[in-house]
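This report describes one protein structure, working from its overall makeup to individual residue pairs. The sequence and the model are shown first.

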Amino acid sequence: CGRPIERDPRIVNISSLMIRPVQQMPLPLYDGPPKVEGRCISVPYDIREVGKENATLTCHSPDQNPVPVEMRYSDTHMYLVLSPEKPGKYVLDNIKYGPLDLSPVHMDVIFAKGLPTQVDVKIMDDSKALMAGLS
């Protein structure tokens with residue numbers, strides 16, 4: 001309160017700061033294949049280049065009903081975790097990672113004995129969600 005604001009070390013001159021356009025920012029990398037554990041399918045993204053951000057998305061079941069998806073994070077990865085109830089095509093879309101748009105993910109889920117056992121994944125636009133090891 002007592003010293004002039006221009007001498008305050010907390011004030012940062014941002015006139016020389018360069019802001020990259022969103023389309024030039026690094027993206028989370030799909031780091032599949034998804035893991036199947038019990039009833040859950042976990043779709044991994046490597047986030048080392050972008051850091052942790054909040055993610056939002058929608059997921060639809062084969063009959064177009066919404067499916068809840070949980071986001072889990074480690075130091076290096078974000079996992080999109082869902083529990084499908086039946087076999088068929090599940091679509092993760094409208095995926096936003098912070099300000100970034102990621103490509104839709106189509107998953108064909110195969111069941112055996114009432115549980116998911118295999119997931120085949122297709123990323124719809126690899127110009128957005130870069131695929132590590134699948135391109």
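## Overall makeup

In this protein of 135 residues, 30% count as buried. The model is a predicted one. The protein has ten strands and zero helices, so along the sequence the pattern reads β-β-β-β-β-β-β-β-β-β. About 8,800 Å² of the protein is exposed, and carbon and sulfur atoms supply 52% of that area. Where contacts join residues at least 6 apart in sequence, 52% of them join residues at least 24 apart.

## Nonpolar core

In soluble globular proteins, nonpolar side chains tend to be buried together. The largest nonpolar core in this model has 25 residues, and the members that touch the most others are Val43, Tyr45, Leu92 and Met107. Strands that each supply at least two residues of this core are β3 (40-46), β4 (55-60), β6 (77-82), β7 (88-97), β8 (100-102), β9 (105-112) and β10 (115-123).

Which residues does Tyr45 touch, not counting residues up to four places away in sequence? On the side of lower numbering, the partners are Pro28, Leu29, Tyr30 and Asp31. On the side of higher numbering, they are Thr76, His77, Met78, Leu80, Ile95, Leu102, Val105 and Ile123.

## Strand β2 and Val36

Val36 is in strand β2 (residues 35-37). This residue is partly exposed, because its relative accessible area is 29% and the partly exposed class runs from 20% to 50%. Leaving out residues up to four places away in sequence, Val36 touches Ile41, Pro116, Thr117, Gln118 and Val119. One of these partners, Gln118, is 82 residues from Val36 in sequence, while the C-alpha to C-alpha separation in space is 7.1 Å.

## Salt bridges

Side chains of opposite charge can pair when their charged atoms come close. The structure holds five salt bridges. The table lists three pairs, among them one that joins two strands.

| Pair | Closest N and O atoms | Relative accessible area |
|---|---|---|
| Arg48 and Asp46 | 2.6 Å | Arg48 54%, Asp46 13% |
| Arg72 and Glu70 | 3.2 Å | Arg72 40%, Glu70 41% |
| Asp108 and Lys89 | 3.8 Å | Asp108 34%, Lys89 40% |

In the pair of Arg48 and Asp46, Arg48 is exposed, whereas Asp46 is buried. Asp46 falls in the buried class because its relative accessible area of 13% is under 20%. Arg72 is partly exposed, and Glu70 is partly exposed as well.

What does the salt bridge between Asp108 and Lys89 tie together? The closest N and O atoms of Asp108 and Lys89 are 3.8 Å apart. Asp108 lies in strand β9 and Lys89 in strand β7, so the salt bridge ties together parts that are 19 residues apart in sequence. Asp108 is partly exposed, and Lys89 is partly exposed too.

## Cysteines

A disulfide is a covalent bond between the sulfur atoms of two cysteines. How many disulfides does a search of the whole structure find? The search finds zero. Is Cys59 buried or exposed? Cys59 counts as buried, because its relative accessibility is 3%. Cys40, by contrast, counts as partly exposed at 25% relative accessibility.

Definitions and conventions
Residues are numbered from 1 along each chain as its sequence is written. This is a predicted model: local features need pLDDT of at least 70, side-chain atom pairs count only at pLDDT 80 or more; totals for chains, interfaces and linings use all residues. Side-chain values use heavy atoms; hydrogens and water are left out. Helices (H or I, at least four residues) and strands (E, at least two) are DSSP runs, numbered from the N terminus. Buried means under 20% relative accessible area, exposed over 50%, partly exposed in between (1.4 Å probe, protein chains only). Contact means heavy atoms within 4.5 Å. Accessible areas come from the Shrake-Rupley method with a 1.4 Å probe; for residues, only the protein chains shown count as cover. A disulfide is a pair of cysteine sulfur atoms within 2.5 Å. A nonpolar core is a set of buried Ala, Val, Leu, Ile, Met, Phe, Trp, Tyr and Cys residues joined through side-chain atoms within 4.5 Å. A salt bridge is a side-chain nitrogen of Lys or Arg within 4 Å of a carboxyl oxygen of Asp or Glu.
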